[in-house]
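These are my notebook entries on a structure that I looked up piece by piece. I wrote each entry while I had the sequence and the model open beside me.

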Amino acid sequence: MAKKQINLALQGGGAHGAFTWGVLDRLLQEEDIEVCGISGTSAGALNGAALKSGMIVGGREGARENLDWLWTQVAGITDLRMADWMAPFGIGTLSNQIEMSPLFAIADTMSRVASPYAYGPMYRNPLVDIVNKFNYDRVCAATKPLFYVGATRVRNGKVRVFEGEEIGPDALMASACLPTVFQAVEIEDSQTGRIEAFWDGGYTGNPALFPLYRDDLPDDIVIININPLERDELPTTPQQIQNRINEISFNSSLLRELRAIDFVQRLLDDGTMSSDRMNRVRIHMIADDDLMAQLSAATKLIPNAKIISTLKSAGHAAAEHFLRESIDMVGKQSSINLREMFV
């Protein structure tokens, strides 16, 4: 049987990226699925780096083991089964408790009234210890899956996609740099010939899809979405309002790219544009908006072992649903209706 070749587009969303971990863990168990390209932003970039570097040295099982290592680092414990003592608490209850905790209240207040530059020598990006442990010879290897990391150039607000040997600890931290929490990451940018400051890639591409439009990559892109597109309840508290603003902002760049894809597909369908000039891109999505709607910005910023474990399981289940309902469409047609997403 021919392999189903796909590209992965991995959204950012802090600790909610554990959902993507679960999706990837399940997809990697399928021998007939081949991941050819990865575009990741923020937590999606970390997941992508872990997947690629693990796969280079140990194949599918190496990728799964490396993803396990990454998320035990994020959770701060060596075995996520230790989170079972919190089982009586629902994920929504835990999210509310974290959001109302004095620790988050202090951190949230400080992010609104104090710049991350106000901490002086006390400032330290907590991602440093994690990203420095990646093997960048493997992350940057020219072999597939090709890997792209998105960040936002502060000076001109444009998306910057790092690839190949450009990807290092600074690029990964830049991709996950929330400007109210972290100091901008400064990198010598080969595109502009100057030192540039970068913020989170979610503002300009969450994730960027266009790096995957290559002749040597398949036409199927599987987006793993962790920022809910819809929330039925009107946000009324300051925290809920700010959280929804962030979700809308971080989904807007993705929706713009999907709208452009839909436009091109319609031109191809009615013969206005020749398929010789433009590839037909097929889009698939794995998400769990119902679960994500129970969470908040607090659980993105403050990792909780129980929530991370629950998100991984939910990712597994969502991937299982995709494999059962949509995998046969890969190579044939999109499994989501793009036009319905814009109404």
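Before anything else I wrote down the cut-off I would need, namely that a residue is called buried when its relative accessible area is under 20%, exposed when that area is over 50%, and partly exposed in between. I also noted that the model is predicted.

**Entry on cysteines**

I began with Cys177, which has 0% relative accessibility and therefore counts as buried. I then looked up Cys140, which is buried as well, because its relative accessible area is 16%. My next step was to look for disulfides, and a search of the whole structure finds 0 of them. Why does Cys140 form no such bond? The closest cysteine sulfur belongs to Cys36 and is 19 Å from the sulfur of Cys140, which is too far for a bond. Cys177 is in no disulfide either, since the nearest cysteine sulfur, that of Cys140, is 20 Å away.

**Entry on strands and a helix**

I turned next to strand S2, which covers residues 33-41. How many of its 9 residues are buried? I found that 8 of them are, and I put the strand down as mostly covered. Strand S1 (residues 4-10) runs parallel to S2, and 7 bridges join the two. At one place in this pairing, Asn7 stands opposite Gly37 in S2. I followed the chain from S1 through helix H1 (residues 18-27) to S2, and this β-α-β crossover is right-handed.

S2 also pairs with strand S3 (residues 146-153), again in a parallel arrangement, through 5 bridges. Here I looked up Ile38, and its bridge partner in S3 is Phe147.

Since H1 had come up on the way, I checked how covered this helix is, and 10 of its 10 residues are buried. Among them I noted Phe19, Trp21 and Leu24, and also Asp25 and Arg26.

**Entry on salt bridges**

I reminded myself that side chains of opposite charge can pair when their charged atoms come close. The structure holds 19 salt bridges, and I looked up a few of them.

In one of them, the side chains of Arg64 and Glu61 meet with 3.1 Å from N to O. Both residues lie in helix H2 (residues 43-75), where they are 3 residues apart, about one turn of the helix. Arg64 counts as buried because its relative accessible area is 18%, whereas Glu61, at 43%, is partly exposed.

In another, Glu166 pairs with Arg160, and the closest N and O atoms are 3.1 Å apart. Glu166 is partly exposed at 33% relative accessibility, while Arg160 is buried at 1%.

The third that I looked up joins the side chains of Arg214 and Asp216, with 2.8 Å from N to O. Arg214 has a relative accessible area of 30% and is partly exposed, and Asp216, at 37%, is partly exposed too. I then noted that Arg153, Arg160, Glu166 and Asp189 are joined into one network by salt bridges that share partners.

**Entry on the surface**

Last, I looked for nonpolar side chains on the outside. Which residues form a nonpolar patch on the surface? I found Ile106, Met110, Val113, Tyr119 and Met122, which together have about 550 Å² of accessible area. Of these I looked up Val113, which lies in helix H4 (residues 102-113). Val113 counts as exposed because its relative accessibility is 65%.

Notes. Residues numbered from 1 in each chain as written. Predicted model: local features only at pLDDT ≥ 70, side-chain atom pairs only at ≥ 80, totals over all residues. Heavy atoms only, no water. Patch = residues over 30% accessible without salt bridge, like charges linked within 9 Å, V, L, I, M, F, W, Y side chains within 5 Å. Areas by Shrake-Rupley, 256 points an atom, 1.4 Å probe, with all protein chains shown as cover. Salt bridge = Lys/Arg side-chain N within 4 Å of Asp/Glu carboxyl O. Helix = DSSP H or I, 4+ residues; strand = E, 2+ residues; numbered from the N terminus. Buried < 20%, exposed > 50% of the residue type's maximum accessible area, 1.4 Å probe, protein only. Pairing = 2+ DSSP bridges. Right-handed = clockwise from strand over helix to strand, strands pointing away. Disulfide = S-S within 2.5 Å.
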